[in-house]
Amino acid sequence: MATKVYIVYYSMYGHVEKLAEEIKKGAASVEGVEAKLWQVPETLPDEVLTKMSAPPKTDIPVITPNELAEADGFIFGFPTRFGMMAAQFKAFLDATGGLWRTQQLAGKPAGIFYSTGSQGGGQETTPLTAITQLVHHGMIFVPIGYTFGAGMFEIEQVKGGSPYGAGTFAGDGSRQPSELELQQAFHQGKYIAGIAKKLKTAA
């Protein structure tokens, strides 16, 4: 039976979604792993999103809380809002009380990826503050550490991400994930999918 890895994200301007697509490729590159992209529900009305110049959502399916129970592992992604996850993703997690009561997600590995506007805008605080959500569900937080190798030490070019997980800088919104950031996202997908597969096999 395939190991199911769900890449669940919220993306307002597309930066997190680009990372998610690359993470899926990395996860799917692991033999025996079935990777699937999911969006969380939007909480803002269309008129507000239009005023914020947010593009229309893509056709990636919207996940419901109970569908999380089907997966063997997760990689959660979101943009930062004042150094923490966006409210849309927090609202989705707030709706997982039923899963929490039954601890259906306990023991499952989960990683985190993110987008921030600037270098000091939450590349570490965003994933760090998100770990509490995993803890209460009994999930196993899987950081990438320095497994990305030399790419973790790149200082000649702007690069998002940290030992917590893959990341990108959106700047004023015009900047898109760089090739190095996409490579790190692919690595994260492959790395966490491999761990999810090992845990499922061991079980």
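## Exercises on salt bridges and aromatic pairs

Lys 25 and Glu 22 both belong to helix α1 (residues 15-28), where they lie three residues apart, about one turn of the helix. The model is predicted.

**Exercise 1.** Determine what joins Lys 25 to Glu 22, and classify each of the two residues as buried, partly exposed or exposed.

*Solution.* The closest N and O atoms of Lys 25 and Glu 22 are 3.5 Å apart, and a salt bridge requires a nitrogen within 4 Å of a carboxyl oxygen, so the pair qualifies as a salt bridge. Turning to accessibility, Lys 25 has a relative accessible area of 49% and is therefore partly exposed, whereas Glu 22, with a relative accessible area of 18%, is buried.

**Exercise 2.** Carry out the same kind of analysis for Lys 90 and Asp 94 in helix α3.

*Solution.* The side chains of Lys 90 and Asp 94 meet in a salt bridge at 2.6 Å, N to O. Because they are four residues apart in helix α3, about one helical turn separates them. Lys 90 is partly exposed at a relative accessible area of 31%, while Asp 94 is exposed at 51%.

**Exercise 3.** Describe the geometry of the aromatic pair formed by Phe 89 and Phe 92, and place the two residues in their surroundings.

*Solution.* The search of the whole structure finds six aromatic pairs. One of them, Phe 89 with Phe 92, is edge-to-face, with 6.1 Å centre to centre and 65° between the planes. Since these residues are three apart in helix α3 (residues 87-94), they are separated by about one helical turn. Both Phe 89 and Phe 92 are buried, and ring pairs link them with Phe 74, Phe 76 and Phe 78 into a cluster.

Notes: Residues are numbered from 1 along each chain as its sequence is written. This is a predicted model: local features need pLDDT of at least 70, side-chain atom pairs count only at pLDDT 80 or more; totals for chains, interfaces and linings use all residues. Side-chain values use heavy atoms; hydrogens and water are left out. Rings of Phe, Tyr and Trp (its six-membered ring) pair if their centres lie within 6.5 Å; planes under 30 degrees apart count as stacked, over 60 as edge-to-face and the rest as tilted. Helices (H or I, at least four residues) and strands (E, at least two) are DSSP runs, numbered from the N terminus. Buried means under 20% relative accessible area, exposed over 50%, partly exposed in between (1.4 Å probe, protein chains only).
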